[in-house]
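Please open the structure in a viewer and keep the selection tool at hand. The tour below proceeds from one selection to the next.

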Amino acid sequence: MAGGGVSSDSVEVPSGPVKPIVYIVAFAAATAGLLFGLDVGVISGAQQFLQVEYEAQGYQVTDQVLEYIVSALLFGATFGAIGCGWISSSMGRKRTLMLSAIIFILGSIGCALAPSPNVLIAMRFFLGLAVGIASFVAPLYLSEVAPQRLRGGMVSMYQLMITIGILVAFISDTYFAEYAVIGGEQGGHWRWMLGILVIPAAVMAMAVLTLPRSPRWLLLKGKEQEAREVLTRIRSLPEEIEGEIEAIKEDMKVPQNGFSLFKQNPHFRRAVYLGVGLQVIQQLTGINVIMYYAPRILETAGFASSEQQLWGTVVLGLVNVLSTFIAIAFVDRWGRKPIMYAGFVTMGLSMGAVGAAFGMENASYLAVGGLIVFLIGFAMSAGPIVWILCSEIYPLNGRDFGITVSTATNWIVNGIVGITFLKLLNGLGPSNTFFLYGGMEILFFIFFVLFVPETKGVSLEKIAANLLSGKPLREIGWVKEQ
Ligand code: BGC
């Protein structure tokens with residue numbers, strides 16, 4: 001989901017029993033999702049402590065500097081995601097995953113040791129390259145190596161791992177902020193919060209070493225013999241291996257020419273704009289305001305101690321993980337749009353409640369309740385579903401391009417949200433900031449009514465045919481004339 005890939009859905013491939021190696025593959029790619037979440041989540045708990053330490057050393061750590069520290073990772077991720085299409089097609093998926101694991105390792109050490117806020121900003125940018133690369137190549141690799149019938153589930157699991165990574169980062173932040181005794185001092189160890197991530201990064205690097213190369217990439221490079229060897233390792237039936245080679249060859253008949261398609265074909269352009277719109281919407285729901293600044297928001301809501309703020313953040317992270325299961329369970333039963341409508345209503349009302357709470361005396365619990373309900377609304381809808389839609393709306397020969405553009409949009413707007421929140425909070429005040437985010441959900445609801453197709457149960461070929469024949473975007477998921 002986060003990121004995306006091209007899958008060979010055009011040919012039905014017979015399936016045999018799943019070999020254990022497939023689970024190792026899933027585990028390795030899942031650690032990439034976990035790291036993505038860890039690095040996104042870790043900064044929320046570290047801010048107040050790094051601010052104190054750097055200021056004691058004579059540096060000025062204004063809200064603007066904090067925003068740069070948060071957002072540098074997101075802008076790095078934008079570059080990583082844009083460059084990754086090229087890197088992963090020339091170096092191969094496995095080596096690209098290894099590259100991101102190495103950057104994760106070096107970046108985590110760099111952040112932990114950063115002697116000044118500027119170095120920390122630079123290191124967060126560097127680490128962001130790994131996050132962007134992982135966000136693109138891990139789901140791509142998964143979709144190329146997972147057996148056809150497990151593909152959807154494995155890619156959904158990737159999104160789940162992101163939310164788990166965020167939660168684990170919140171828990172680890174709480175531990176180092178409050179309880180860890182290091183060098184005789186209890187708590188406040190922000191460098192450890194950032195540095196500890198070297199461990200999962202090293203686990204990822206080791207797991208990647210055991211991975212097979214992507215058979216699809218090998219075939220794309222004309223290495224059929226090696227592709228066959230890999231498939232023999234990861235599939236159990238000979239007809240499965242042959243079927244898959246056939247399916248990949250079938251897909252390869254459609255060359256990826258997204259950029260020229262974008263320049264020439266107005267119908268394809270519409271899909272790209274739709275993907276961009278969906279990602280802008282996902283980010284402007286305000287989800288990452290909570291992910292990056294929850295302790296600060298809880299402080300504003302009246303929770304004075306850092307312990308309360310951090311545990312509150314952990315609760316929010318947990319709600320985010322659990323609610324993702326709602327989407328996973330219902331997205332193919334109820335369809336994308338009904339869930340999104342429910343999500344927008346929930347998110348709009350809850351943001352409104354948070355805004356109202358900030359305007360009242362003693363309404364801390366209303367604010368927290370609002371944030372929890374908001375997270376349920378997001379995680380069951382826009383969180384996963386925007387990524388699902390973005391993997392469905394592009395015709396095969398433009399899918400790499402479309403997914404690259406929409407993924408980069410996600411990171412750019414993510415960065416903009418990160419870099420503006422504290423300014424909004426200081427400028428408009430907390431109530432108006434949350435009313436603003438809440439009000440936008442109404443616009444997003446209308447956007448979905450007007451422009452977004454329902455794609456539940458429709459083949460990717462049908463969606464592409466409808467799009468390219470000029471049907472309005474809203475109707476490209478229609479199977480028959482209505
Ligand atoms: C979004 C991320 C967000 C995460 C929260 C993802 O779908 O793209 O920006 O941090 O969900 O769970």
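**Cysteines.** How many disulfides does the count come to? In this predicted model, the count comes to zero disulfides. Select C84 and look for the closest cysteine sulfur, which belongs to C390. The two sulfurs are 17 Å apart, too far for a bond, because a disulfide requires a pair of cysteine sulfur atoms within 2.5 Å. C84 counts as buried, its relative accessibility being 0%. Select C111 next: this residue is in no disulfide either, and its nearest cysteine sulfur, that of C84, is 20 Å away. C111 also counts as buried, at 2% relative accessibility.

**Helix 17.** Proceed from C390 to the helix that contains it, helix 17, and select residues 382-392. Is this helix mostly covered or mostly open? Helix 17 is mostly covered, with ten of its eleven residues buried. Among the buried residues are C390 itself, W387, P384 and E392. A382 is also on the list of buried residues in helix 17, and A382 leads to the next selection, since the residues in contact with M347 include A382.

**M347.** Select M347, which lies in helix 15. M347 is buried, with a relative accessible area of 0%. Which residues are in contact with M347, once its neighbours within four places in sequence are left aside? They are T285, F374, G377, F378, S381, A382 and E441. For a distance, select A304 as well: M347 and A304 are separated by 43 residues in sequence, and their C-alpha atoms are 26 Å apart in space.

**N362.** Continue along the chain from helix 15 (336-358) towards helix 16 (364-380), and select N362 in the loop between them. Is N362 buried or exposed? N362 is exposed, and its relative accessible area is 78%. The backbone deserves attention here: although N362 is not a glycine, it has a positive phi of about 50°.

**T62.** Now select T62, in the loop that joins helix 1 (20-56) and helix 2 (63-91). T62 is partly exposed, because its relative accessible area of 35% falls between the 20% limit for buried and the 50% limit for exposed. Add Q51 to the selection: Q51 and T62 are eleven residues apart in sequence, and the C-alpha to C-alpha distance is 8.3 Å.

**The whole chain.** Finally, clear the selection and display the entire chain. Its secondary structure comes to 20 helices and two strands. The radius of gyration is 22 Å, close to the 23 Å that the globule rule gives for 482 residues, so the chain is as compact as a globular protein of that length. Rotate the model to view its principal axes, along which the C-alpha trace spans about 65 × 55 × 40 Å.

Colouring by accessibility shows the extent of burial: buried residues make up 58% of the 482 residues. Of the contacts between residues at least 6 apart in sequence, 81% join residues at least 24 apart. A surface display brings up an accessible surface of about 18,200 Å², and carbon and sulfur atoms account for 67% of this area. Lastly, colour the side chains by charge: 31 are positive and 32 are negative, and the centres of the two sets lie 9 Å apart.

Definitions and conventions: Residues are numbered from 1 along each chain as its sequence is written. This is a predicted model: local features need pLDDT of at least 70, side-chain atom pairs count only at pLDDT 80 or more; totals for chains, interfaces and linings use all residues. Side-chain values use heavy atoms; hydrogens and water are left out. Helices (H or I, at least four residues) and strands (E, at least two) are DSSP runs, numbered from the N terminus. The radius of gyration is taken over C-alpha atoms; the globule rule is 2.2 Å times the number of residues to the power 0.38. Buried means under 20% relative accessible area, exposed over 50%, partly exposed in between (1.4 Å probe, protein chains only). Contact means heavy atoms within 4.5 Å. Accessible areas come from the Shrake-Rupley method with a 1.4 Å probe; for residues, only the protein chains shown count as cover. Lys and Arg count as positive and Asp and Glu as negative; His and the chain ends are not counted. The place of a charge is taken as NZ of Lys, CZ of Arg, CG of Asp or CD of Glu.
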